[in-house]
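Have the viewer open and a selection box ready. Here is a walk through the model, one stop at a time.

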Amino acid sequence: VLRSWLLASCAAGILAVANATMEKAIRVISVERGHDPRDFTLVAFGGAGGLHACALAALLGIRRVLLPKFPGALSALGLLRSDVVKDYVQTVMVQAAEGEASLLLDRRFRELERQARVALRQEGFLPPRQVLEWALDLRYRGQAYELTVPYTSDFIRAFHRAHERRYGYADPARPVEVVNVRLRAIGLVEKPALARQPHAGSSPKTARYRRARVRFDGAGVQTDFYLRERLKHGNRLRGPAVIAEYSATTLLPPGWRARVDAYENLLLEPGR
């Protein structure tokens with residue numbers, strides 16, 4: 001009994017450390033960039049993503065988790081749906097407010113655009129399937145780091161807003177430097193279609209295949225097990241539950257609920 005307790009305690013500790021590490025990584029790309037994770041849906045994929053998703057969402061205050069269909073193969077689907085992207089950059093080092101700055105930037109962008117359109121055409125993308133995006137790397141004079149903002153008529157104002165969002169302050173009276181011009185050239189590929197599925201009712205009983213005890217927060221709880229491939233559009237589940245499939249496993253803790261949408265994604269939310 002003691003050995004079993006020790007093993008369970010060690011496993012719980014390992015899980016807590018893993019979740020804390022992933023939580024920190026999410027905060028780096030959200031909170032530290034001025035974004036509140038509570039404003040977003042957490043998308044979990046990969047073989048083990050669904051095992052940690054609800055715990056991470058609870059730690060971050062996120063109210064919804066999305067588990068795509070075939071989460072273990074989402075990267076492969078992304079590859080099939082990915083456009084061809086070519087990035088071009090050129091250093092200019094010019095004061096944004098100088099009278100000749102706009103002319104210089106326009107000239108540099110036209111040069112990059114010519115290169116980009118030739119490269120996309122060589123890849124087989126004619127103009128109707130070409131998209132160009134312009135951006136600038138900007139900083140306050142004297143800084144050693146830049147922020148990238150879209151190249152629009154009010155890019156200086158956009159930089160001040162981005163700086164305040166990222167670092168908590170902005171100084172509109174301080175000169176702004178344009179360090180680099182950036183051009184992203186996109187060749188649009190045909191996307192595989194994702195079919196909507198008919199509504200099949202709310203009951204998931206045809207997908208349930210066993211019931212067993214699973215430990216949550218140190219206590220064993222009777223838990224339903226479901227086969228993901230048998231879950232249909234409209235099915236609703238209540239935690240605790242384990243959802244198994246060929247490429248992944250999803251854990252729905254007590255106090256969480258799930259439903260299957262028209263594209264057979266799982267939407268997980270706290271609450272009964």
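Start by selecting L67 and L266: L266, in β13, is the bridge partner of L67. This is a predicted model, so a word on the ground rules: local features need pLDDT of at least 70 and side-chain atom pairs count only at pLDDT 80 or more, while totals for chains, interfaces and linings use all residues. Residues are numbered from 1 along each chain as its sequence is written, and side-chain values use heavy atoms, with hydrogens and water left out.

Now widen the selection to the two strands. β2 and β13 are antiparallel and pair over three bridges; strands here are DSSP E runs of at least two residues and helices are H or I runs of at least four, numbered from the N terminus, and two strands pair if DSSP finds at least two bridges between them.

Stay on β13, residues 266-270. How many of the five residues of this strand are buried? Five of the five are, so the strand is largely enclosed by the rest of the structure. Buried means under 20% relative accessible area, exposed means over 50%, and partly exposed lies in between (1.4 Å probe, protein chains only). In a regular strand, side chains alternate between the two faces of the sheet. Show the side chains and you'll find L266, L268 and P270 on one side of β13, with L267 and E269 on the other, all buried.

Next, add β12 (residues 256-260), which runs antiparallel to β13 with five bridges between them. Click A258 and you'll see L268 of β13 opposite. Follow the hairpin that links these two strands: five residues lie between them. One of the residues to pick there is E264, in the loop between β12 and β13. E264 has a positive phi of about 65 degrees although it is not a glycine. Most residues other than glycine have a negative phi, and most peptide bonds are trans. Buried or exposed, what is E264? At 11% relative accessibility, E264 counts as buried.

Zoom out to the whole sheet. Five strands form an open, mixed sheet in the order β1-β2-β13-β12-β9. At its edges are β1 (42-43) and β9 (236-238), each with a single partner strand, so one side of each has no neighbour in the sheet. At the β1 edge, β1 and β2 (residues 65-67) run parallel, joined by two bridges. Select L42 there, and V65 of β2 stands opposite.

From β2, carry on towards α3 (74-81) and stop in the loop between them at F70. F70 is not a glycine, yet has a positive phi of about 55 degrees.

Jump to the other edge strand and go past β9. P240 sits in the loop between β9 and β10. Check the bond between G239 and P240: this is a cis peptide bond, with omega about 5 degrees.

That brings you to β10 (residues 241-244), where A241 and I243 point one way, V242 and A244 point the other, and all are buried. Which strands go with β10? β8 (residues 219-227) runs parallel to β10 over four bridges, and β11 (residues 249-252) runs antiparallel to β10, also with four bridges. V242 is a handy marker: F225 of β8 stands opposite V242, and so does L251 of β11. Trace the backbone from β10 to β11 and you pass through a hairpin of four residues.

Now for a helix. Select R108 in α4 (residues 101-122). R108 is partly exposed, at 23% relative accessible area. Leaving out residues up to four places away in sequence, R108 touches Q90, V92 and V181, where contact means heavy atoms within 4.5 Å. Draw a C-alpha to C-alpha distance from R108 to V92 and you get 8.4 Å, for residues 16 apart in sequence.

One more local stop: S30, in the loop between α1 (2-29) and β1. S30 is buried, with a relative accessible area of 7%. With residues up to four places away in sequence not counted, S30 touches H35 and P37.

Finally, reset the view. The chain has five helices and 13 strands. Its radius of gyration is 25 Å, well over the 19 Å that the globule rule gives for 272 residues, so the chain is more spread out than a compact globule; the radius is taken over C-alpha atoms, and the rule is 2.2 Å times the number of residues to the power 0.38. The C-alpha trace spans about 75 × 40 × 30 Å along its principal axes.
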